[in-house]
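Could you walk me through this model, with an eye to its charged pairs and its helix packing? Here is the structure, followed by a short report.

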Amino acid sequence: MRLRVEFTTEPFDLDEAPPHALVAREVLEGAELDAVDVGPFGNTAEGGADAVLTAVDALLRRALDAGATRVSLQVNVVGEEGR
């Protein structure tokens with residue numbers, strides 16, 4: 001199964017990326033994901049279910065530890081691996 005996660009971390013800072021946003025980017029870039037798109041107002045990542053769920057766990061823990069006061073996320077099934 002393939003999953004796509006879309007998420008944002010708060011609070012926002014339009015002048016400089018806050019520590020929780022930098023940590024989220026670091027988690028995604030270090031994960032074994034097929035596609036990662038990091039932007040100022042939203043982020044997406046896609047890959048196998050195990051890789052996405054492992055990344056989401058790390059992302060939540062590390063972003064909250066880095067000062068995020070809210071993490072909004074959505075996970076969608078986007079298809080089956082090998083199809």
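How many salt bridges does a search of the whole structure find? The search finds 6 salt bridges, a salt bridge being a side-chain nitrogen of Lys or Arg within 4 Å of a carboxyl oxygen of Asp or Glu. Before looking at them, please keep in mind that this is a predicted model, in which local features need pLDDT of at least 70, side-chain atom pairs count only at pLDDT 80 or more, and totals for chains, interfaces and linings use all residues. Residues are numbered from 1 along each chain as its sequence is written, and side-chain values use heavy atoms, with hydrogens and water left out.

**Confidence and overall layout**

The protein averages a pLDDT of 90, and 95% of the residues score at least 70; pLDDT is the predictor's confidence in each residue, from 0 to 100. Where pLDDT is low, the predicted coordinates should not be read in detail. Among the elements, α2 has the highest mean pLDDT (96) and strand β2 (residues 35-38) the lowest (88).

The protein has 2 helices and 4 strands, and from the N terminus on they run β-α-β-β-α-β. Helices (H or I, at least four residues) and strands (E, at least two) are DSSP runs, numbered from the N terminus. For 83 residues, a compact globule would have a radius of gyration near 12 Å, and the protein agrees with its 12 Å. That radius is taken over C-alpha atoms, and the globule rule is 2.2 Å times the number of residues to the power 0.38. Along the principal axes, the C-alpha trace spans about 40 × 20 × 20 Å.

Of the 83 residues, 31% count as buried; buried means under 20% relative accessible area, exposed over 50%, and partly exposed in between (1.4 Å probe, protein chains only). Contacts (heavy atoms within 4.5 Å) also say something about the fold: among those between residues at least 6 apart in sequence, 71% join residues at least 24 apart.

**Salt bridges across the chain**

Side chains of opposite charge can pair when their charged atoms come close. Three of the pairs are listed here.

| Pair | N to O distance |
|---|---|
| E46 and R2 | 2.8 Å |
| E10 and R70 | 3.8 Å |
| R62 and E26 | 2.5 Å |

Take E46 and R2, which meet in a salt bridge. E46 lies in strand β3 (residues 43-48) and R2 in strand β1 (residues 2-10), so this pair ties together parts that are 44 residues apart in sequence. E46 is buried, at a relative accessible area of 17%.

Strand β1 also takes part in the salt bridge between E10 and R70. Here R70 belongs to strand β4 (residues 70-79), so the parts tied together are 60 residues apart in sequence. Both residues are partly exposed, E10 with 21% relative accessibility and R70 with 49%.

The two helices have a salt bridge of their own, between R62 and E26. R62 sits in helix α2 (residues 49-65) and E26 in helix α1 (residues 19-30), 36 residues apart. Again the partners are partly exposed, R62 at 35% and E26 at 45%. Salt bridges that share partners also join R2, R4, D34 and E46 into one network.

**Helix α2 and its two faces**

Helix α2 has 17 residues and reaches 24 Å from its first C-alpha to its last, close to the 24 Å expected at 1.5 Å a residue; the expected span is 1.5 Å times one less than the number of residues.

Which residues of α2 are buried? They are A49, V52, A55, V56, L59 and A63. These residues cover an arc of only 130 degrees around the axis, which puts them on the same side of α2; the arc is that of the directions from the helix axis to the C-beta atoms. They pack against β1, α1, β3 and β4. The face turned away from this buried side carries the exposed residues D50, T54, R61 and D65. Just after α2, G67 takes a positive phi of about 110 degrees.

**Around P11**

P11 lies in the loop between β1 and α1 and is partly exposed, at 41%. A cis peptide bond joins E10 and P11, with omega at about 10 degrees. Most residues other than glycine have a negative phi, and most peptide bonds are trans. Not counting residues up to four places away in sequence, P11 touches P18, H20, G67 and T69.
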